[in-house]
Amino acid sequence: MNISRSFPVFATVFAVVWAVMYVIAVEKNYALFTYHPALEEFAFLVEKPKEGPAMYWYGWMATSGIVALVAGLLACSIPERAKQRVWAGWSWTIPLGVIFVFGYLLRGFFTR
Amino acid sequence: MIVVLLIIHALLAVTLLGAITHQAISVWLPMHKTAGSFVGRMRSVPAASYVNAIVVLYLATATLGGIIYPEYRLSVRVVLQQLRLNVPNGLFELKEHFVTVGLGMLPAYWYFWHQPLAADYARTRAVLTSILAFIVWWSFLVGHILNNIRGFET
């Protein structure tokens with residue numbers, strides 16, 4: 001595997017999968033772990049709030065990061081001809097789309 | 001301690017804001033000869049030279065933001081909810097998600113800006129820089145607004 005040829009594919013797939021997986025993780029609450037700030041405790045997977053709020057943001061990022069890393073590494077193993085056909089523009093179109101999706105999902109804060 | 005971290009977070013954010021803004025201006029309004037005016041000098045900076053600094057500053061600012069975030073959840077967000085300040089609360093929720101989306105774009109941003117610059121990726125570079133600039137400006141302004149509403153230990 002030629003790293004210099006694989007990295008643009010890795011980076012593009014990583015950006016796409018990270019963004020998509022993150023919005024799915026937020027919507028479905030697929031947090032790899034939960035943090036309870038009042039107790040300063042971490043818990044594996046999703047836990048309900050105990051004393052004070054529960055924070056899932058770190059867990060959502062961990063979920064997205066692992067999935068994106070695996071997807072990016074898998075994409076590096078596709079044939080060279082296929083790598084050359086991966087459009088670099090996916091690295092910004094999908095994240096930009098996810099930004100708009102979040103604007104839509106959180107519109108309730110601005111309309112109520 | 002949390003106030004010290006908040007100030008460092010803000011200082012890193014200001015530095016990042018300056019770097020990404022310079023790069024975005026030089027990408028969209030390039031000026032190739034040396035300029036005499038303030039605006040002209042901003043437009044003529046070598047955009048690629050900012051990349052590593054922007055990646056490091058973005059990571060450092062986001063990491064520090066992640067460290068002080070629990071304090072926000074315990075001390076600030078609760079108050080915003082009690083006062084029914086939905087708009088600032090929503091602005092911060094968007095900031096949280098935008099910054100995370102930006103983190104995932106950093107490897108691509110770094111790669112497409114690495115030297116020598118490939119002409120094929122010119123548009124990708126320009127748009128990646130613009131999206132990151134939007135995220136950084138959004139985050140900076142929202143952080144500033146929320147700090148004005150209720151800074152830590154006020």
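## Exercises on chain B of a predicted model

In this predicted model, confidence within chain B is lowest in helix H2 (residues 38-43) of chain B, with a mean of 73, and highest in H5(B), at 95.

**Exercise 1.** Find the mean pLDDT of chain B, and state what share of its residues reach 70 or more.

*Solution.* Begin with the chain average, which is a mean pLDDT of 88 for chain B, and then take the share, which is 95% of its residues at 70 or more. For the complex, the predictor gives an ipTM of 0.93 and a pTM of 0.92.

**Exercise 2.** Describe the side of chain B that touches chain A, beginning with how many residues are in contact.

*Solution.* Counting contacts, 26 residues of chain B meet 34 residues of chain A. Turning to the elements, helix H3 (51-75), helix H5 (86-112) and helix H6 (122-150) of chain B each supply at least two residues of this side, and H5(B) gives the most, with 17 residues. Sorted by character, the residues on this side of chain B comprise 15 nonpolar, 8 polar and 3 charged.

**Exercise 3.** Work out how the axes of helix H1 (residues 2-28) of chain B and H6(B) cross, and say whether the crossing is left-handed or right-handed.

*Solution.* The two axes come within 9 Å and cross at roughly 145°, and the crossing of H1(B) and H6(B) is left-handed. Next, look at the residues that make the contact, including Leu16(B), Ile20(B) and Trp28(B) from H1(B), and Arg125(B), Trp137(B) and Phe140(B) from H6(B). Finally, sort the residues of the contact of H1(B) with H6(B), which divide into 13 nonpolar, 6 polar and 1 charged.

Methods: Residues numbered from 1 in each chain as written. Chains lettered and ligands numbered in written order. Predicted model: local features only at pLDDT ≥ 70, side-chain atom pairs only at ≥ 80, totals over all residues. Contact = placed C-beta atoms within 7 Å. Helix = DSSP H or I, 4+ residues; strand = E, 2+ residues; numbered from the N terminus. Nonpolar A, V, L, I, M, F, W, Y, C, P; charged D, E, K, R; others polar. Axes fitted to C-alpha atoms, helices over the stretch in contact; angles between N-to-C directions. Left-handed = near helix turned anticlockwise from the far one by under 90°. pLDDT = per-residue confidence, 0-100.
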